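Please look over the model below before reading on. The paragraphs after it take up one part at a time.

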Amino acid sequence: MTNAMSGAGCEVVTRKDFSDVTYLLEVRHPMMAKAARPGQFVIVMAHEHGERIPLTIADFDRDKGTITLVIQAVGKTTREMQRDCKVGSHLSVVGPMGVPSHLTKAKKVLCVGGGLGVAPVFPQARGYKENGAYVIGVLGFRNRDLVFWDDKFRAVCDELILCTDDGSIGIKGMVTEGIRLAIEKHPDIDECVAIGPPVMMKGCAEATRPHKIRTVVSLNPVMVDGTGMCGGCRVKIGDTVKFACVDGPDFDAHKVDFDDLMFRLQRYREAERDALARYNENCRMRNPEAAR
Amino acid sequence: MAQKKKKTIRMIPQARTPAHEQDPLVRAKNFEEVNCGYLVEDAQLEAERCLMCADEPCVRGCPVNIAIPDFIQKITEKDYRGAYDVITATNLLPAVCGRVCPQESQCEGVCTVGESLESVAIGRLERWVGDLAIKEGWSNVPYIEPSGFRVGIVGSGPAGMACAADMAKAGCDVTVYEAFHQAGGVLKYGIPDFRLPNAVVDAEIGKLEALGIRFECNTLVGRLFTIEQMIDEMGFHAVFIGTGAGYPSFMGIPGESLNGVLSANELLTRCNLMRARDFPAFDTPMQPGRRVAVIGAGNTAMDAMRVSLRLGAEKVYCLYRRSRAEAPARAEEIHHAAEEGVEFQWLVSPVAILDDGKRNVRSVRCVRMTLGEPDASGRRRPVPEPGSEFEIEADMVVYAIGTNANPIIGQTSKLKLDSRGYIATDESLSTSMPGVFAGGDIVTGAATVIEAMGAGRRAARSMKAFLGLRDTDFVYQQRPADPGEALFGIHRAEHGFARVRLPR
């Protein structure tokens, strides 16, 4: 097969499993590692018949020439990748895409990550730290078993607030509770970056709005190409419509229409559910032991 | 050459040889090619219809000036390889252009035969030669002397391909970058298989690879590296940008964010490139549309409608605010769409998309239009008729009302853009950065495949002049009579190549 038909793909050099559903892949792509900036994303294709899925870059290492992705196995493609992406396997990755986050010289910054959003908020926290800011991290997980990267965050944050739904570690409650505590303690927070599920980002936007803290969220709507060509990722920002892939993915949280985003994310829900059911069925038939 | 008796209009076959087509009702359910092309006897018969007139208006009508009568002559002589050689001297992609060029407004539109009869079916003949070449595995790899120059091409669509081919033939080391995982640009993601099978595109790309051109997919130029880096760090002596105008427009009417509203680009990309039509064998999903309303009447709109039919829609509407006479699509495409059962609603403009209470599309509210005075484009301006609102029941709405400039290159480089965001170039397609050229939709706005290819070739000519490579075409060009163009008897374009021979 010629290169014109399919890229050779990037080698997976590290894999870590944080939990049953969350895993980390570090892929080799020296050029991308050099080009990547906080806030950008890549599009991954698992195989020739695969779909193109956007994933936010969780970390990049220019010396090693690698890009880190943290993935949650929620649908067919991400489960399949969980099964197939071992160290030494290859993955088709294109990027970095999107406008890099504008890391200001703000003095005091709140970096909020919820669930899978914890990973992509890391380069932002590190970037702000490098810019000399006082960085307060707020990370939310469902329970203590799902916690990851708290050590990495501790290294770049001046303060770290862990929140879990059941209180098994850190404070009990959602990230909005963490934000409330942080704002109470530091009324002079200049900026907030929040990445996570849309409903969490909506909560963060509402938590900072009364305090008039400039808040940025990273949106991850349905995309095909990621280069501004399909328009599937259009989002409502105030009175205007923007394409998250080329106009974002970062937007002013106080202007984003989150309800619209959440509805649009369900466009292919039925097809996705069918694909996953079919995939699970296939796995059971192929490997009855493992599926139990 | 043996003196032949000059053909006259009375001597040639009077009727245009029909091409074999799939039955409209059968083809509306499959993705096989609609037009099955000519058989050898059809091609022979049609080739006889060319008068071999001295004027050759068709050559001037072709954006890349294919020597049309010459290749038709070769067909009548049964020298099919010769016909292929004639075409590929100017156009490397005959199987593509024979299918997707708007011949009726180019070569065939000015054909001498067309003044009294139906014009010669030049496009069908070109396609026949191109298909034969693919079948027989012909490719013309000229002897290429390496020039030592490296050329980078951004975008593997028709403009990029044409520029790449010309530069490779001039001995340059050419690399083509493509953001998608497959090369071909709009030929792959946009034009559906029933008009241009992806296998044909792949075959033509294979021929470019035979010229030594490298295709690097999954490479987003601008973000992975910038145009400036290509020139400054990566060692490219010249760069061509052909990234197209892929940013789809919407109308800004209520209801556009409902589920079931999408751009034609999204529909076509999902279906053609990502093969969502073969879901679940391919992973990309597609919303099923039972009643589909497509807004717009250009070629993309026709493609979107015909794709929707093939994906199983029961009813497909075309909503266009002007009348059929102003529709920008090729006449043949409108005809094909109508045959397959598309319902055209001329002089209709949507004002809102209504939902079913669950964020899905229920219907499109439209208003009837009348045509008023001609506007800046020369077309009559549509004016809404007061009180004429009505609803069309639909569960999917597809926008095919045009595209804007792709913003990525503009965001990431210091290239000068025009007021609409397209790359600003001069006559020679040079941009504001030395050694960087641009052409195709990213300069002109949305146009046709062959126009993009013409721009790619034009940019290649300028690029050769910039690099100091001799343009081989020049040798065969007529010398201008204007002595101002020549200095010391040497044409200006040749100055860099003049050698003074000293007596021994």
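What follows goes through the contact between the chains, then some strands, and then details of the backbone.

The model is a predicted one. The contact between its two chains takes 52 residues from chain B and 54 residues from chain A. The area buried between chain B and chain A is about 4,200 Å², and carbon and sulfur atoms give 55% of that area. On the side of chain B, the residues that lose the most area to chain A are Arg223(B), Leu224(B) and Asp283(B), which together make up 16% of what that side buries.

Polar interactions also cross this interface. Between chain B and chain A, 21 residue pairs are in polar contact, counting pairs with both residues at pLDDT 80 or more. Several elements of chain B each supply at least two residues to the side that touches chain A: the helices α9 (186–189), α10 (198–210), α12 (264–273) and α15 (408–412), and the strands β5 (214–216), β7 (247–248) and β8 (261–263). The largest share of that side, four residues, comes from α12(B). By residue type, the side of chain B that touches chain A divides into 26 nonpolar, 15 polar and eleven charged residues. Four salt bridges are found across the interface of chain B and chain A. In a salt bridge between the two chains, the side chains of Glu233(B) and Lys34(A) meet at 3.8 Å, N to O.

Within chain B, strand β9 is a place to look at burial. Where do the side chains of β9(B) point, and are they buried or exposed? Arg291(B), Ala293(B) and Ile295(B) point one way from the strand, Val292(B) and Val294(B) point the other way, and all are buried. Because five of the five residues of β9 (residues 291–295) of chain B are buried, the strand is largely enclosed by the rest of the structure. β9(B) pairs with strand β10 (residues 315–319) of chain B in the parallel sense, over five bridges. Ala293(B) has Tyr317(B) as its bridge partner in β10(B).

Tyr317(B) leads on to another strand residue, Gln345(B). Leaving aside neighbours within four places in sequence, Gln345(B) is in contact with Tyr317(B), Cys318(B), Leu319(B), Tyr320(B), Arg368(B), Phe390(B) and Ile392(B). Gln345(B) lies in strand β11 of chain B. With a relative accessible area of 14%, which is under the 20% cut-off, Gln345(B) counts as buried. The side chain of Gln345(B) is joined to that of Glu343(B) by a polar contact of 3.1 Å.

Beyond β11 (343–345) of chain B, in the loop that leads to β12 (348–355), is Leu347(B). Leu347(B) is not a glycine, yet its phi is positive, at about 55°. Most residues other than glycine have a negative phi, and most peptide bonds are trans. Leu347(B) is partly exposed, with a relative accessible area of 25%. Met52(B) also has a positive phi in a residue other than glycine, near 55°. Met52(B) is placed in the loop between α2 (40–47) and α3 (57–61) of chain B. The relative accessible area of Met52(B) is 24%, so this residue is partly exposed.

The segment before β1 (20–21) of chain B holds Thr8(B). Thr8(B) is partly exposed, with a relative accessible area of 38%. Although Thr8(B) and Arg49(B) are 41 residues apart along the chain, their C-alpha atoms are separated by 9.7 Å.

Chain A offers a hairpin and two cis peptide bonds. In the hairpin, strand β14 (residues 234–237) and strand β15 (residues 240–243) of chain A pair in the antiparallel sense over four bridges. Arg234(A) stands opposite Phe243(A) of β15(A). Two residues lie between the strands of this hairpin, and Gly238(A) takes a positive phi near 60°.

Which residue pairs are joined by the cis bonds? One such bond runs from Gly248(A) to Pro249(A), with omega near 10°. Pro249(A) lies in the loop between α7 (244–247) and β16 (250–252) of chain A. Another cis bond runs from Gly95(A) to Pro96(A), with omega near -5°. Unlike Pro249(A), which lies in a loop, Pro96(A) is placed in strand β7 (residues 90–97) of chain A.

Definitions and conventions: Residues numbered from 1 in each chain as written. Chains lettered and ligands numbered in written order. Predicted model: local features only at pLDDT ≥ 70, side-chain atom pairs only at ≥ 80, totals over all residues. Heavy atoms only, no water. Buried < 20%, exposed > 50% of the residue type's maximum accessible area, 1.4 Å probe, protein only. Pairing = 2+ DSSP bridges. Contact = heavy atoms within 4.5 Å. Buried area = accessible area lost by both parts, 1.4 Å probe. Polar contact = N/O pair within 3.5 Å; in protein donor to acceptor, adjacent residues only side chain to side chain. Nonpolar A, V, L, I, M, F, W, Y, C, P; charged D, E, K, R; others polar.
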